Amino acid sequence: MNIGFERPLFVLAALIAIPGLFFVLRFFKPVFSLRLPLGPPGGASFTPPVNLGFLTKFLRALELAGVVLLCIAAAGPRFVFTETVWLNRGADILFVMDVSPSMSALDMDGGSRFDTARTLLRQFSGKRPQDAIGLIAFGQDAAILTPLTTDRASLYHRMDTLAIGEMGDATAIGTSLALAGFHIGRSEAPRRAVVLITDGENNAGSIHPETAAAMLAEMGVSLWVIGVGSSGMVPFSYVDPATGVLRTGMYDSHFDPETLERIALSAQGFWIHAPTAEAFAGAFSRLDQGEMVIRRSGSVRREEPFHAIFIIAALAVLWGTRFVRRRVLGAIL
């Protein structure tokens, strides 16, 4: 965002010509002046309650400020915005994120699998403003939280409010993939992808994961399966959304890479194991390269005038000085 002026010569007048004129006039004294003492003859001279010399200069400075503000308003100030416009459509990428309690396991360099996934998803979407990105969360149930959109603010807000255990304690991978297919199947984007992020095995829902994955392949949708986490005893910590109780302890992680890999192969997709935070970040880098769309963009210039604020300020200043002269000082200054 920049600030511009439609008639910049008025700015020059406001900043140079008018103050310079007031400065020059200070050296011109009246040819004839008459001193009239206020008070009775021979008595004590009149002493004003305020410093009239200072008050005179102050009121003149305010009048000068009012004239300067009017000149700036006449210059036509405006905010100038340059916006990027995409000339072609990007990819449609729908993330399917596991939010079952096991995703609170703290084996991502001290962070949880869930928080690391949210951070990487935010970074990924921030680098691809042209793409429409959506979010499905699943546990025992599955729901689309953000439909495919380029509105990053709504995506980030829903990501930030998403909580572990919000969709129940189980893992319905097949149901979530079928839901993803239902939403992305109508897309006409040049590239379409579903990204499954999970650490568990399918143990809920009536749809088999491999059946749902094969359906995605039939629709021409790429499937990426990112298996996050490690096997063995790992610490976990999360707040139960139903009770508000903090739950902590050790979790025996039964990570099953073979099953997740078969799901990816059923859709002729991609399988990535991410046992560490570094490997998890590498998975998103592969996704970024694998679902690349050539981007063409242009720029649009938009202007918003804001001269009204200078007019209001100038009128307030000029009316205030006149009020002080006429009503308070009785027009003696």
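This section describes the fold, cores, helix packing, charged pairs and selected loop residues of a predicted model.

The protein chain contains nine helices and eleven strands. Of its 333 residues, 41% are buried. Contacts across the sequence were also examined: among those between residues at least 6 apart, 80% join residues at least 24 apart.

In soluble globular proteins, nonpolar side chains tend to be buried together. In this model, the largest nonpolar core comprises 37 residues. F95, I197, F280 and F284 have the most contacts inside this core. With residues up to four places away in sequence left out, F280 touches M108, R113, T116, A117, L120, I197, I226, V228 and A274. Another core, of 23 residues, lies apart from the largest one. F138, I173, A213 and L260 are among the residues of this other core.

One helix pair was characterised by its packing geometry. Two packed helices are described by the angle between their axes and the distance between the axes. Helix α6, residues 209-218, packs with helix α7, residues 257-266, at an angle of about 30°. The axes of the two helices are 7 Å apart. Because angles under 35 degrees count as roughly parallel, α6 is roughly parallel to α7. On the α6 side, the contact is made by P209, E210, A213, A214 and A217. On the α7 side, R262, I263 and S266 take part. A213 of α6 is also one of the residues of the 23-residue core.

The structure holds 14 salt bridges. One of them is formed by the side chains of D199 and R113, with an N to O distance of 2.5 Å. D199 lies in the loop between β6 (192-198) and α6, whereas R113 lies in helix α3 (residues 113-127), so this pair ties together parts that are 86 residues apart in sequence. D199 counts as buried, at 2% relative accessibility. R113 is buried as well, with a relative accessible area of 0%. R113 is also one of the residues touched by F280.

Two further salt bridges involve partly exposed residues. The side chains of E166 and R158 meet at 2.6 Å, N to O, and E166 counts as partly exposed at 30% relative accessibility. R302 forms a salt bridge with E304, in which the closest N and O atoms are 2.4 Å apart. R302 counts as partly exposed at 32% relative accessibility, and E304 is partly exposed with a relative accessible area of 34%. Elsewhere, E6, R7, R78 and E303 are joined into one network by salt bridges that share partners.

R152 presents a charged residue without such a pairing. This residue lies in helix α4, residues 152-161. R152 is buried yet has no salt bridge. The nearest side chain of opposite charge belongs to D131 and is 5.8 Å away. Because a salt bridge requires a side-chain nitrogen of Lys or Arg within 4 Å of a carboxyl oxygen of Asp or Glu, the separation of 5.8 Å between R152 and D131 does not qualify. Apart from residues up to four places away in sequence, R152 touches S125, R128, P129, D131 and I133.

Two loop residues were noted for their backbone angles. D109 has a positive phi of about 55° although it is not a glycine. D109 is found in the loop between β3 (92-98) and α3, and is exposed with a relative accessible area of 68%. Q268 likewise has a positive phi of about 55° and is not a glycine. The loop that holds Q268 runs between α7 and β10 (270-274). Q268 counts as exposed at 71% relative accessibility.

A further loop residue, M292, is found between α8 (277-290) and β11 (297-305). M292 is partly exposed, with a relative accessible area of 42%. Leaving aside neighbours within four places in sequence, M292 is in contact with R128 and R191. M292 and R191 are 101 residues apart along the chain, and their C-alpha atoms are separated by 8.3 Å. R128, the other contact of M292, is also among the residues touched by R152.

How values were computed: Residues numbered from 1 in each chain as written. Predicted model: local features only at pLDDT ≥ 70, side-chain atom pairs only at ≥ 80, totals over all residues. Heavy atoms only, no water. Core = buried A, V, L, I, M, F, W, Y, C linked by side-chain atoms within 4.5 Å. Buried < 20%, exposed > 50% of the residue type's maximum accessible area, 1.4 Å probe, protein only. Contact = heavy atoms within 4.5 Å. Helix = DSSP H or I, 4+ residues; strand = E, 2+ residues; numbered from the N terminus. Lys, Arg positive; Asp, Glu negative; His and termini not counted. Axes fitted to C-alpha atoms, helices over the stretch in contact; angles between N-to-C directions. Parallel < 35°, antiparallel > 145°, perpendicular 65-115°, else oblique.
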